[in-house]
Amino acid sequence: MSEHILFLTGKLAEKQLHNILQKMQPKFTYTVHQLGLKVAALMTADMIGRRLTDTFGADRILVPGRCRGDLEALSKDLGLPIERGPDELKDLPMFFGQAMHKIDLSRYSVKIFAEIVDAPNVSVEEVVKRAYYYKQNGADVIDIGCLPSTDFPHMEDIIRTLKQEGFTVSIDSLEADDLLRGGKAGADYMLSLHESTLWIADEVAATPILIPEKHEDLASLDRAINIMQAKNRSFIVDPILDPLHFGFTQSIVRYHEVRKNHPDIEMMLGIGNITELTHADTMGMNALLLGICSELNINSILATQVSKHACRAVKEADLARRIMFAAKEHDMLPKHIDPGLMALHETSPFPYSLEEIKELAGQIKDPSYRVQISAEGVHIFNRDGLHSATDPFDLFPNLHVETDGGHAFYLGVELARAEIAWQLGKRYTQDQALQWGCATDTAEPTVDLHTFKPAGTTLKKH
């Protein structure tokens with residue numbers, strides 16, 4: 001026997017909800033019940049408790065995504081499970097599809113080495129501060145980057161302090177003395193050894209990252225691998241990723257060749273030569289680079305955040321490794337797993353067509369303005385009519401808020417958000433900040449749907 005779901009909604013959304021459910025042709029049966037309020041988003045748990053007198057034989061109740069209040073308590077009172085649906089009705093099909101296979105993003109295989117590139121010029125306290133920041137954003141190892149011909153008298157202090165704070169640490173240099181000092185101070189990894197400096201690995205316990213003796217010299221890398229395997233020592237191999245137009249494609253071929261010749265060794269990919277040295281948004285680069293890691297079973301990356309445009313590289317790599325792990329585990333494309341790497345665009349930016357917005361506008365009987373976007377532009381409407389434009393300034397003469405500073409300010413903010421969303425192809429929801437994925441830290445506090453949304457800036461008394 002199929003599940004029967006009771007959908008609670010408002011007057012303005014009732015017809016559209018019926019239409020969407022009919023098009024879905026779901027396997028479950030359903031009842032749509034209009035709860036006696038105009039706007040579904042204003043529904044609360046207390047209101048449902050007062051107004052719902054019949055559950056229509058439902059096995060489950062679905063309420064609007066923005067419904068406020070304690071649904072758990074209401075569920076106990078009604079003796080039925082109650083859950084919030086999506087914020088937008090048009091997302092119902094996706095909502096039910098995703099509910100069937102929620103992807104676990106808690107797991108990953110790639111270890112992130114986050115480099116502090118100018119460590120000789122940074123105090124111990126500042127290094128620890130940066131280390132905690134990197135760890136918060138997903139780093140597993142804090143890489144202490146040395147500088148050529150630069151004294152580093154406090155190297156040992158940095159490594160010992162980080163170890164005391166519980167960090168895993170790597171020392172990063174091509175100078176044998178730096179690597180030896182770092183290893184003796186307790187570093188867990190050494191970047192980088194080659195065939196001529198393998199002797200350092202005999203002096204310390206740190207796990208070495210091996211590179212070719214000379215650039216592109218895979219024969220020397222093979223010899224170094226064989227030596228370490230003969231000693232039964234752990235190691236990681238880095239064939240070196242080159243920047244675009246300076247050998248990038250050939251270096252990818254190199255990684256593939258090393259993996260083909262050594263199917264079981266641990267490998268590292270230094271992503272900074274692409275993210276740092278390409279002026280393009282780094283999210284897509286991280287997605288692609290971590291996809292390469294997934295395909296080639298590369299389980300370590302070296303990430304840097306030096307250039308200002310790469311200021312979220314570690315955080316982006318953390319999400320990318322989780323998405324790629326899930327895609328590989330489920331034998332699926334890295335699509336519809338998590339939207340966090342889509343900062344500028346969205347899979348479904350315009351849930352409502354202009355005709356649907358016009359139909360909704362025709363039902364409005366109050367003076368409050370609603371703002372929506374479609375592929376055609378930005379739309380604002382109330383009981384007095386619908387106005388559309390691609391430039392919000394063209395809308396101002398129709399709004400009649402010249403003498404209402406607070407309202408004008410509010411509409412200015414909302415219309416600016418709507419314009420940005422329309423231009424980029426992003427989802428816009430009135431009274432909600434635009435979502436930028438993991439490109440930003442959330443500016444607004446997480447909304448607690450057990451409570452009511454606080455008054456907006458223009459409504460607060462100062």
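# A walk from helix α15 to the cores

Start with α15, on the face turned away from its buried side: Gly405, Phe409 and Gln423 are the exposed residues there. Keep in mind throughout that you are looking at a predicted model.

**Stop 1: helix α15**

Select residues 405-424 to get the whole of α15, 20 residues in all. From first C-alpha to last, α15 reaches 29 Å, close to the 28 Å expected at 1.5 Å a residue. Click on Gly405, which lies in this helix. With a relative accessibility of 53%, Gly405 counts as exposed, since the cut-off for that label is over 50%. If you like drawing distance lines, try one from Gly405 to Asp222: their C-alpha atoms are separated by 71 Å, and the two residues are 183 apart along the chain.

Now for the other side. Which residues of α15 are buried? Show side chains for Leu411, Glu414, Leu415, Ala418 and Ala421. These buried residues sit on the same side of α15 because they cover an arc of only 120° around the axis. The general rule behind this kind of pattern is that an α-helix has 3.6 residues a turn, so residues three or four places apart point the same way.

Before you move off, look just past the end of the helix. Right after α15 comes Gly425, with a positive phi of about 85°.

**Stop 2: what covers the helix**

What lies over those buried residues of α15? The cover includes β13 (370-374) and β14 (377-382), so colour both strands by selecting these ranges.

Stay with β14 and add β15, residues 385-389. The two strands pair in the antiparallel sense, over five bridges. For one of the pairs, pick His379 and look across to β15: the bridge partner is Ser388. The turn is a hairpin, with two residues joining β14 to β15.

**Stop 3: the parallel sheet**

Next, go to the four-stranded open sheet, where the order is β2-β1-β3-β4 and the pairing is parallel. At the edges are β2 (29-34) and β4 (82-84), each of which pairs on one side only. Turn the view to look along the sheet and you can follow a twist that averages 25° from one strand to the next.

Inside the sheet, β1 (residues 4-9) and β3 (residues 60-63) pair in the parallel sense over three bridges. Label Leu6 and Ile61 to see one of these: Ile61 in β3 is the bridge partner of Leu6.

Two helices are worth switching on here. Helix α1, residues 11-24, packs on the sheet and touches β1 and β2, and its direction makes about 170° with that of β2. Helix α3, residues 71-78, lies across β3 and β4 and runs at about 150° to β4.

**Stop 4: Ile5**

Zoom in on Ile5, which has its place in strand β1. Is Ile5 buried or exposed? At 0% relative accessibility, Ile5 counts as buried. Beyond its neighbours within four places in sequence, Ile5 is in contact with Phe28, Thr29, Tyr30, Thr31, Ala58, Arg60, Leu62 and Phe96. For a longer line, connect Ile5 to His345: 340 residues apart along the chain, their C-alpha atoms are separated by 33 Å.

**Stop 5: the nonpolar cores**

Now hide the ribbon for a bit and bring up side chains. The largest nonpolar core has 76 residues, and Ile144, Leu162 and Leu210 are those with the most contacts inside it. Centre on Ile144. Leaving aside residues within four places in sequence, its contacts include Ile116, Ala119, Val127, Phe152, Ile158 and Leu162. Also in contact with Ile144 are Val169, Ser170, Ile171 and Asp172. A second, separate core has 19 residues, including Leu12, Val32, Phe96 and Ala361.

**Stop 6: Thr282**

For one last close-up, select Thr282 in helix α12, residues 282-296. Thr282 is buried, at a relative accessible area of 3%. Not counting residues up to four places away in sequence, Thr282 touches Thr275, His309, Ala310 and Glu316.

**Zooming out**

Bring the ribbon back and fit everything in the window. The protein chain has 15 helices and 15 strands, and its C-alpha trace spans about 80 × 60 × 40 Å along the principal axes. Of the 462 residues, 48% are buried. Among contacts with a separation of 6 or more, 61% come from residues 24 or more positions apart.

Note on methods
Residues numbered from 1 in each chain as written. Predicted model: local features only at pLDDT ≥ 70, side-chain atom pairs only at ≥ 80, totals over all residues. Heavy atoms only, no water. Core = buried A, V, L, I, M, F, W, Y, C linked by side-chain atoms within 4.5 Å. Buried < 20%, exposed > 50% of the residue type's maximum accessible area, 1.4 Å probe, protein only. Contact = heavy atoms within 4.5 Å. Expected span 1.5 Å × (residues − 1). Arc of directions from axis to C-beta. Pairing = 2+ DSSP bridges. Axes fitted to C-alpha atoms, helices over the stretch in contact; angles between N-to-C directions.
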